[in-house]
Amino acid sequence: MSRIVRWDPFREMISVRNQMDQLVSDPFRKPSGRQENGDGNHIRLALDVSEDDNSYSVKASLPGIDPADLDISFSENTLTIQGETQAESVDEKAKWHLRERSFGKFVRRITLPATVNADDINADYEDGVLTLTLPKAEEVKPRIIAVRSTEDRAVAA
(Lines give C-alpha, C1' and ligand atoms only; values in the text may rest on other atoms or scores of the structure.)
Protein backbone atom coordinates (compact mmCIF):
# COMPACT_ATOMS: atom_id res chain seq x y z
CA MET A 1 0.00 0.00 0.00
CA SER A 2 1.45 3.37 -0.95
CA ARG A 3 1.18 6.49 1.14
CA ILE A 4 0.58 9.96 -0.24
CA VAL A 5 2.84 12.58 1.27
CA ARG A 6 2.17 16.25 0.78
CA TRP A 7 5.04 18.02 -0.96
CA ASP A 8 6.86 20.45 1.28
CA PRO A 9 9.42 22.59 -0.57
CA PHE A 10 10.99 23.72 2.73
CA ARG A 11 11.75 20.12 3.74
CA GLU A 12 13.55 19.62 0.43
CA MET A 13 15.48 22.88 0.84
CA ILE A 14 16.60 21.84 4.33
CA SER A 15 17.72 18.47 2.99
CA VAL A 16 19.70 20.12 0.18
CA ARG A 17 21.18 22.64 2.62
CA ASN A 18 22.27 19.86 4.99
CA GLN A 19 23.94 18.04 2.10
CA MET A 20 25.67 21.24 0.97
CA ASP A 21 26.83 22.00 4.53
CA GLN A 22 28.30 18.51 4.75
CA LEU A 23 30.00 18.88 1.39
CA VAL A 24 31.48 22.28 2.23
CA SER A 25 32.55 21.39 5.76
CA ASP A 26 34.04 17.99 4.88
CA PRO A 27 35.28 18.17 1.28
CA PHE A 28 37.81 15.36 1.74
CA ARG A 29 35.61 13.00 3.70
CA LYS A 30 35.88 9.42 2.60
CA PRO A 31 32.79 7.23 2.49
CA SER A 32 34.43 4.69 4.81
CA GLY A 33 34.12 7.04 7.77
CA ARG A 34 37.83 7.82 7.68
CA GLN A 35 39.17 11.26 6.92
CA GLU A 36 42.56 12.37 5.64
CA ASN A 37 44.04 15.03 7.94
CA GLY A 38 47.48 15.75 6.56
CA ASP A 39 49.30 13.40 8.93
CA GLY A 40 47.50 10.21 7.90
CA ASN A 41 44.06 8.70 8.12
CA HIS A 42 41.88 9.73 11.01
CA ILE A 43 38.61 8.24 12.13
CA ARG A 44 35.62 10.53 11.74
CA LEU A 45 34.08 11.03 15.20
CA ALA A 46 30.32 11.47 14.88
CA LEU A 47 28.70 13.86 17.37
CA ASP A 48 25.22 14.75 18.54
CA VAL A 49 24.99 18.41 19.62
CA SER A 50 21.88 19.87 21.22
CA GLU A 51 21.04 23.06 23.07
CA ASP A 52 18.54 24.31 25.60
CA ASP A 53 18.18 27.70 27.31
CA ASN A 54 21.00 26.97 29.77
CA SER A 55 23.57 24.79 28.05
CA TYR A 56 24.87 22.81 25.09
CA SER A 57 25.08 19.03 25.19
CA VAL A 58 27.59 17.11 23.09
CA LYS A 59 27.47 13.31 22.84
CA ALA A 60 29.96 11.00 21.15
CA SER A 61 29.95 7.21 20.94
CA LEU A 62 33.39 5.95 21.92
CA PRO A 63 33.07 2.24 22.69
CA GLY A 64 36.18 0.58 24.04
CA ILE A 65 37.98 3.86 24.74
CA ASP A 66 39.48 4.41 28.18
CA PRO A 67 38.26 7.87 29.30
CA ALA A 68 41.79 8.59 30.57
CA ASP A 69 43.01 8.35 26.95
CA LEU A 70 40.71 11.16 25.77
CA ASP A 71 42.02 14.69 25.37
CA ILE A 72 39.18 17.22 25.64
CA SER A 73 39.86 20.94 25.50
CA PHE A 74 37.85 24.15 25.10
CA SER A 75 39.29 27.42 23.85
CA GLU A 76 37.77 30.45 22.11
CA ASN A 77 34.34 28.75 21.89
CA THR A 78 35.86 25.73 20.15
CA LEU A 79 35.51 22.27 21.66
CA THR A 80 38.18 19.72 20.71
CA ILE A 81 37.85 15.98 21.38
CA GLN A 82 40.75 13.74 20.43
CA GLY A 83 42.06 10.29 21.17
CA GLU A 84 43.08 7.03 19.59
CA THR A 85 41.58 3.55 19.33
CA GLN A 86 44.05 0.69 19.39
CA ALA A 87 43.83 -2.08 16.81
CA GLU A 88 43.36 -5.60 18.04
CA SER A 89 45.90 -8.25 17.21
CA VAL A 90 44.90 -10.04 14.03
CA ASP A 91 45.02 -13.78 13.56
CA GLU A 92 46.89 -14.20 10.29
CA LYS A 93 45.13 -17.53 9.67
CA ALA A 94 41.66 -16.03 10.02
CA LYS A 95 39.49 -15.77 6.93
CA TRP A 96 37.68 -12.43 7.15
CA HIS A 97 34.18 -12.07 5.74
CA LEU A 98 33.68 -8.49 6.87
CA ARG A 99 35.93 -5.96 8.58
CA GLU A 100 34.45 -2.51 9.04
CA ARG A 101 35.61 -1.32 12.45
CA SER A 102 38.12 1.51 12.30
CA PHE A 103 41.16 2.00 14.49
CA GLY A 104 43.48 4.93 14.82
CA LYS A 105 43.52 8.57 15.81
CA PHE A 106 40.48 10.81 15.87
CA VAL A 107 40.15 14.57 16.29
CA ARG A 108 36.92 16.53 16.19
CA ARG A 109 36.53 20.28 16.64
CA ILE A 110 33.28 22.19 16.77
CA THR A 111 32.71 25.88 17.36
CA LEU A 112 29.68 26.80 19.42
CA PRO A 113 27.62 29.85 18.44
CA ALA A 114 27.36 31.39 21.95
CA THR A 115 29.71 32.04 24.84
CA VAL A 116 30.20 29.11 27.22
CA ASN A 117 31.18 29.20 30.89
CA ALA A 118 34.34 27.11 30.45
CA ASP A 119 34.93 26.66 34.19
CA ASP A 120 31.70 24.69 34.59
CA ILE A 121 32.02 22.23 31.67
CA ASN A 122 31.23 18.65 32.76
CA ALA A 123 32.30 15.43 31.04
CA ASP A 124 30.68 12.06 31.79
CA TYR A 125 31.53 8.71 30.23
CA GLU A 126 29.12 5.84 30.63
CA ASP A 127 28.61 2.67 28.57
CA GLY A 128 30.90 3.95 25.80
CA VAL A 129 29.10 7.31 25.43
CA LEU A 130 30.91 10.56 26.21
CA THR A 131 28.50 13.32 27.28
CA LEU A 132 29.77 16.88 27.63
CA THR A 133 27.60 19.59 29.20
CA LEU A 134 28.73 23.10 28.35
CA PRO A 135 26.76 25.73 30.32
CA LYS A 136 26.04 28.98 28.56
CA ALA A 137 27.44 32.17 30.03
CA GLU A 138 24.89 34.29 31.92
CA GLU A 139 24.98 37.10 29.35
CA VAL A 140 23.70 34.81 26.55
CA LYS A 141 20.93 33.07 28.49
CA PRO A 142 17.43 34.23 27.57
CA ARG A 143 15.98 36.72 30.01
CA ILE A 144 12.29 36.55 30.83
CA ILE A 145 10.64 39.93 31.12
CA ALA A 146 7.40 40.08 33.06
CA VAL A 147 4.70 42.34 31.68
CA ARG A 148 2.84 44.25 34.36
CA SER A 149 -0.73 45.32 33.92
CA THR A 150 -2.26 48.59 35.11
CA GLU A 151 -3.69 46.72 38.11
CA ASP A 152 -0.25 45.40 39.10
CA ARG A 153 1.18 48.93 39.03
CA ALA A 154 -1.69 50.25 41.15
CA VAL A 155 -1.14 47.52 43.77
CA ALA A 156 2.62 48.17 43.87
CA ALA A 157 2.07 51.92 44.52
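Q: In what order do the elements of the protein run from the N terminus on?
A: In this predicted model, the secondary structure comes to two helices and nine strands. Read from the N terminus on, the elements follow the order α-β-β-β-β-β-β-β-β-β-α.

Q: Which strand of the protein has the highest confidence, and which the lowest?
A: Across the protein, pLDDT averages 80, and 77% of the residues score at least 70. Residues 29-41 stay under 50, and the model has 22 contacts beyond four places in sequence for them. By element, the highest mean is 96, in strand E9 (residues 129-135), and the lowest is 45, in strand E1 (residues 34-36).

Q: What share of the residues of the protein count as buried?
A: The protein exposes about 12,600 Å², of which carbon and sulfur atoms supply 50%. Buried residues are those under 20% relative accessible area. Of the 157 residues, the share that meets this cut-off is 24%.

Q: How many residues does the largest nonpolar core have, and which elements give two or more residues to this core?
A: In soluble globular proteins, nonpolar side chains tend to be buried together. Here the largest nonpolar core has 19 residues, and those with the most contacts inside it are Val-58, Leu-62, Ile-81, Phe-106 and Leu-134. The elements that give this core two or more residues are strand E4 (55-61), strand E6 (78-85), strand E7 (104-111) and E9.

Q: Which residues does Val-58 touch, not counting those up to four places away in sequence?
A: Val-58 is listed with the residues that have the most contacts inside the largest nonpolar core. Leaving out residues up to four places away in sequence, Val-58 touches Leu-47, Asp-48, Val-49, Leu-79, Ile-81, Ile-110, Leu-130, Thr-131, Leu-132 and Leu-134.

Q: Why is one side of strand E3 and of strand E8 left without a neighbour in the sheet?
A: The order of the open sheet of four strands is E3-E4-E9-E8, and the pairing is antiparallel. From one strand to the next, the twist averages 15°. Strand E3 (47-51) and strand E8 (122-126) stand at the edges, so each has a single partner strand.

Q: How many bridges join E4 to E9?
A: Strands of a sheet pair through backbone hydrogen bonds, either parallel or antiparallel. E4 and E9 run antiparallel, and Tyr-56 stands opposite Leu-134 in E9. The number of bridges that join E4 to E9 is seven.

Q: What percentage of contacts between residues at least 6 apart in sequence join residues at least 24 apart?
A: The contacts considered here are those in the protein between residues at least 6 apart in sequence. Among them, the percentage joining residues at least 24 apart is 53%.

How values were computed. Residues are numbered from 1 along each chain as its sequence is written. Side-chain values use heavy atoms; hydrogens and water are left out. pLDDT is the predictor's confidence in each residue, from 0 to 100. Contact means heavy atoms within 4.5 Å. Buried means under 20% relative accessible area, exposed over 50%, partly exposed in between (1.4 Å probe, protein chains only). Accessible areas come from the Shrake-Rupley method with a 1.4 Å probe; for residues, only the protein chains shown count as cover. A nonpolar core is a set of buried Ala, Val, Leu, Ile, Met, Phe, Trp, Tyr and Cys residues joined through side-chain atoms within 4.5 Å. Two strands pair if DSSP finds at least two bridges between them. Axes are lines fitted to C-alpha atoms, for helices over the stretch in contact, and angles run from 0 to 180 degrees between N-to-C directions.
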